[in-house]
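Trainee: Could you show me how to read a model of this kind, moving from the whole chain down to single helices and strands?
Mentor: Gladly; let us have it in front of us first.

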Amino acid sequence: AGPGGYVAAIRAAQLGLKTAVVEKEAVGGVCLNRGCIPSKALIRNAEILSLVKRAEEFGIHYDNLRYDFAKAVERAAGAVQRLTRGVIQLLKKHKIDLLKGTAAFSAKDRLTITDASGNHSEITTRAAIIATGSRNKPLAGITPDGRTIITSDEALKLNPLPQQLAIVGGGATGVEFAYVFAAYGVQVTIVELLDRLLPQEDEEISKALHAAFKKQGITVLTGSKVASIKSQDGGLFVQIEPATGGGAQELQCNQLLLAAGRAGNVEGLGLDALGIKTERGYISTNEWLETSAPGIYAIGDVAGKSLLAHSASAEGINVVDRLAGKTVRPINYRQIPNCVYCQPQVASVGLTESKAKSAGHTVKVGKFPFQANGKALALGETEGFIKVVADAETGECLGVQMIGAEVTELIGEGVLLQVMEGTPHELRASVHPHPTLSEAVMEAAAAVYGEAIHI
């Protein structure tokens, strides 16, 4: 009953299909309970604290600033509880059976449900969607103990905060937690195996985020890996080596956060008996998200195509619409946006400049900095820029990348342009309200043609 499963169930009920959801824990899945929602609530606290610390810029003075991370955790828990209750009510509203327990296939059209007391029951079904999500991926030689070596689950409710924290992984999870804890005064070091933060994003975006983190006091060690960890006097001594080999350096910290990827929850589902194939720890599916067993589908993290909550929801709706006989297209994963909620925020959709060139496109690029945007100046949020990548021959917009304040709210324009196969010219011709951050998107589109006004 995560963002893949419960959304698919609601859509199925809307289309008149008799629907059941099996869930062993709380509805909402990792996203609502231990991921997207609580982490964004903590990020909001960190944003407010960071802004208060800048109060002098706005002519506001204070003495004896005090802040309490435990209250931030409490506020996040409140948001989770409210949304969980909301999902339960939505399932009831649509007359969807919520079955508590775990499910395993006993046949292609039959599931055995086992509740917390070990009682068994069976249901039959015309079609089944596997939406079991993912879990934190362990690293070789590093075993979380929930105390000194932790995962994102424990990081969401740390109390007290450590003085020094090492984060293994410079992807979305790693940089978001780095931002939060640095805002609360923790000395944070990120250790990333590849050569830059957010390695799937545009190179210029990664470079800009690295520079922003340096200003925030966050240490970033790219091209590095953890060679060994030694516990001593209640702390950790971490040996860091260059990924290509060479001399090691020692990092001392109170806790180490593993944020280096996810693994699909494929165990205990009875997949082998039905010949359902897995690959790299995820369920293999075709373009319609159907497994190797006809009538059984996999969506969301467990399918491994795109480990994002909004991808799971879109996949669920796509599968159900097709089951109900509607005409649908396979999901175009190039049109799914990526969002990272540290500050400055990062958002993107489509191809980066380098990936577009690798795909054989001749590209034209437009960029516009937030420091030339009136609303950004008024807000005091001038870090970052918007970047638009277009095909020089056809004019089609190939991708949009952003870093800066609230860009996760702006990327929808880029998504719509991708879906409509639009051009930067159409984005430039769309009159944007003034003063807004969104004007930077319009100006970046104009910059593709050398026609940006304010730079």
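We will go from the overall dimensions to a helix, a sheet and then another helix.

Trainee: Where should I begin, and what radius of gyration does the protein have?
Mentor: Keep in mind that this is a predicted model. A compact globule of 455 residues would have a radius of gyration near 23 Å, and the protein agrees because its own value is 23 Å. Its C-alpha atoms fill a box of roughly 65 × 65 × 45 Å along the principal axes, and 46% of the 455 residues count as buried. The protein has 14 helices and 24 strands.

Trainee: How do I read a helix, and which residues of α4 are buried?
Mentor: In an α-helix there are 3.6 residues a turn, so residues three or four places apart point the same way. Helix α4, residues 69-93, has 25 residues and reaches 36 Å from its first C-alpha to its last, close to the 36 Å expected at 1.5 Å a residue. Its buried residues are Phe-69, Ala-72, Val-73, Ala-76, Val-80, Thr-84, Val-87 and Leu-91, and what covers them includes α1, α2, α3, β2, α5 and α6.

Trainee: What caps the N-terminal end of α4, and what comes just after the helix?
Mentor: The cap is Asp-68, with a side-chain oxygen 2.9 Å from the backbone nitrogen of Ala-70, while just after α4 Lys-95 takes a positive phi of about 55 degrees.

Trainee: How do I read a sheet, and in what order do the strands of the open sheet stand?
Mentor: Strands of a sheet pair through backbone hydrogen bonds, either parallel or antiparallel. Here 5 strands form an open sheet in the order β8-β15-β9-β10-β11, with parallel pairing. Strands β8 (149-150) and β11 (219-221) stand at the edges with a single partner strand each, so one side of each is left without a neighbour in the sheet. Strand β10, residues 187-191, pairs with β11 over 3 bridges in the parallel sense, and Thr-189 stands opposite Thr-219 in β11. Helix α6 lies across β9, β10 and β15, and runs at about 165 degrees to β10.

Trainee: Why is α14 described as largely enclosed?
Mentor: In helix α14, residues 439-447, 9 of the 9 residues are buried, so the helix is largely enclosed by the rest of the structure. Among these buried residues are Glu-439, Met-442 and Glu-443. The buried residues of α14 pack against the strands β22, β23 and β24 and the helices α12 and α13.

Technical notes
Residues numbered from 1 in each chain as written. Predicted model: local features only at pLDDT ≥ 70, side-chain atom pairs only at ≥ 80, totals over all residues. Heavy atoms only, no water. Helix = DSSP H or I, 4+ residues; strand = E, 2+ residues; numbered from the N terminus. Expected span 1.5 Å × (residues − 1). Buried < 20%, exposed > 50% of the residue type's maximum accessible area, 1.4 Å probe, protein only. Contact = heavy atoms within 4.5 Å. Polar contact = N/O pair within 3.5 Å; in protein donor to acceptor, adjacent residues only side chain to side chain. Pairing = 2+ DSSP bridges. Axes fitted to C-alpha atoms, helices over the stretch in contact; angles between N-to-C directions. Rg over C-alpha atoms; globule rule 2.2 N^0.38 Å.
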